[in-house]
Amino acid sequence: MSRPRWIWRNGAIIPRDAATVDPDDRGYQFGDGVYEVVRIYGGRPFLWEGHRLRLIRSAGELGMRSGFADAAFSAGMAELVERENIGDGTLYIQVTRGVCLRQQVFPGDSVDLEVTAYARPMERPLADLAKGIAAWRVADIRWLRCDIKSINLLPNVLARQTACENSCAEALQHRGDILTEGAFSNAYLVRDGAVYTHPADNHILGGITRAFVLRLAAENGITVREKPSTLEELAQAEEVFVTSTTSEIMPVVCVNNEPVGNGSPGVVTRRLQTAFTAALAGTTGPNFSW
Ligand code: PDD
């Protein structure tokens, strides 16, 4: 995996080696920050406006000023992607509450936010999209503000590690008996032909891909119920899939070594994938900035 050559740092694009982290950065010390991962297709940020608004919301929910995410910032991100010469890739943006002597209480307005971003190439995961992935159930031990895209990802890291140790590509987290979401994705079941997914409340991250997929489902006459599902319902699901910026609409064909349905991607998942790919093909259309 190639390292980015350029880093956006508080309004300027600088060489990566010049981008150092201050040990007193509150993101580094407390995980006091928020982030976004944006997909780049054909050199252009996909669903940019959704990501920008979620970044503003996450920052706002943590009492951070969010004026940084203005039109100049959007233009700067596009310039960063171009400078890095990305075709298909990802844009990572991180905002921390800034650098000050270590103390838990907010430092106040005299301390500026630290805004960092970089872009990296990433191919579409076409092989996995075709055959599906395996997932592993993991207890959801996260806090009660999973709607904030915070850089505090230790529970997600642990969940993913457990999945990995069980030869699975994603974790399916559950709070008690209720399926919440993946370690880095939103989760869905198909039962009686309808799609079920956890409501976008404080127990999950409201995915930008999730919102887009729900819109695709509506456009394609697929019923979606934003309702929590139990582990029993997960075990009996006809289809399971997850969505995220990097994994798109990813079929889950095996959960804890048990096949989902007949063990291959299901028809509803396939229909949504087809609609997603068609939307990508129209990259000059309004969907791209939606
Ligand atoms: N993860 N839920 C969690 C816990 C996530 O971390 C993510 C995204 C999603 C899906 O959100 P979106 O569709 O907006 O990507 C759901 C990103 C990709 C990451 O951390 O790499």
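**Entry 1: the neighbours.** I began with the ligand and listed what surrounds it. There are 19 residues around it, and Y35, E181, I208, T209 and T245 come nearest. I note here that the model is predicted.

**Entry 2: polar atoms.** Next I looked up distances from the ligand to N and O atoms. For E181, an N or O atom of the side chain lies 2.6 Å from a nitrogen atom of the ligand. T245 also uses its side chain: one N or O atom there is 2.5 Å from a ligand oxygen. I208 uses its backbone instead, with a polar atom 2.8 Å from an oxygen atom of the ligand.

**Entry 3: cover.** I then checked how much of the ligand is hidden. Alone, the ligand exposes 470 Å², and the protein buries 91% of that. I looked at the pockets too. The largest pocket is the space that the ligand takes.

**Entry 4: the shell by type.** I sorted the shell residues by character. Six are nonpolar, nine are polar and four are charged.

**Entry 5: the shell by element.** Which elements each supply at least two residues of the shell? I found β3 (33–41), β9 (178–182), α6 (208–219) and β14 (239–244).

**Entry 6: the shell by domain.** Last, I looked up the domains. Domain 1 (6–121) gives at least three residues to the shell around the ligand, and domain 2 (126–279) also gives at least three.

How values were computed:
Residues are numbered from 1 along each chain as its sequence is written. This is a predicted model: local features need pLDDT of at least 70, side-chain atom pairs count only at pLDDT 80 or more; totals for chains, interfaces and linings use all residues. Side-chain values use heavy atoms; hydrogens and water are left out. A residue is near a molecule or strand if one of its heavy atoms lies within 4 Å of it. A polar contact is a pair of N or O atoms within 3.5 Å; within protein, one must be able to donate a hydrogen and the other to accept it, and residues adjacent in sequence count only if both atoms are side-chain atoms. Accessible areas come from the Shrake-Rupley method with a 1.4 Å probe; for residues, only the protein chains shown count as cover. On a 1 Å grid over the protein atoms alone, a cavity is a set of points where a 1.4 Å probe fits but cannot get out, and a pocket is an open set with protein on both sides within 12 Å along at least five of seven lines; lining residues have an atom within 4 Å of a point. A molecule sits in a cavity or pocket if more than half of its atoms lie within 2 Å of its grid points. Helices (H or I, at least four residues) and strands (E, at least two) are DSSP runs, numbered from the N terminus. Ala, Val, Leu, Ile, Met, Phe, Trp, Tyr, Cys and Pro count as nonpolar, Asp, Glu, Lys and Arg as charged, and the others, Gly among them, as polar. Domain bounds come from an automatic or database domain assignment.
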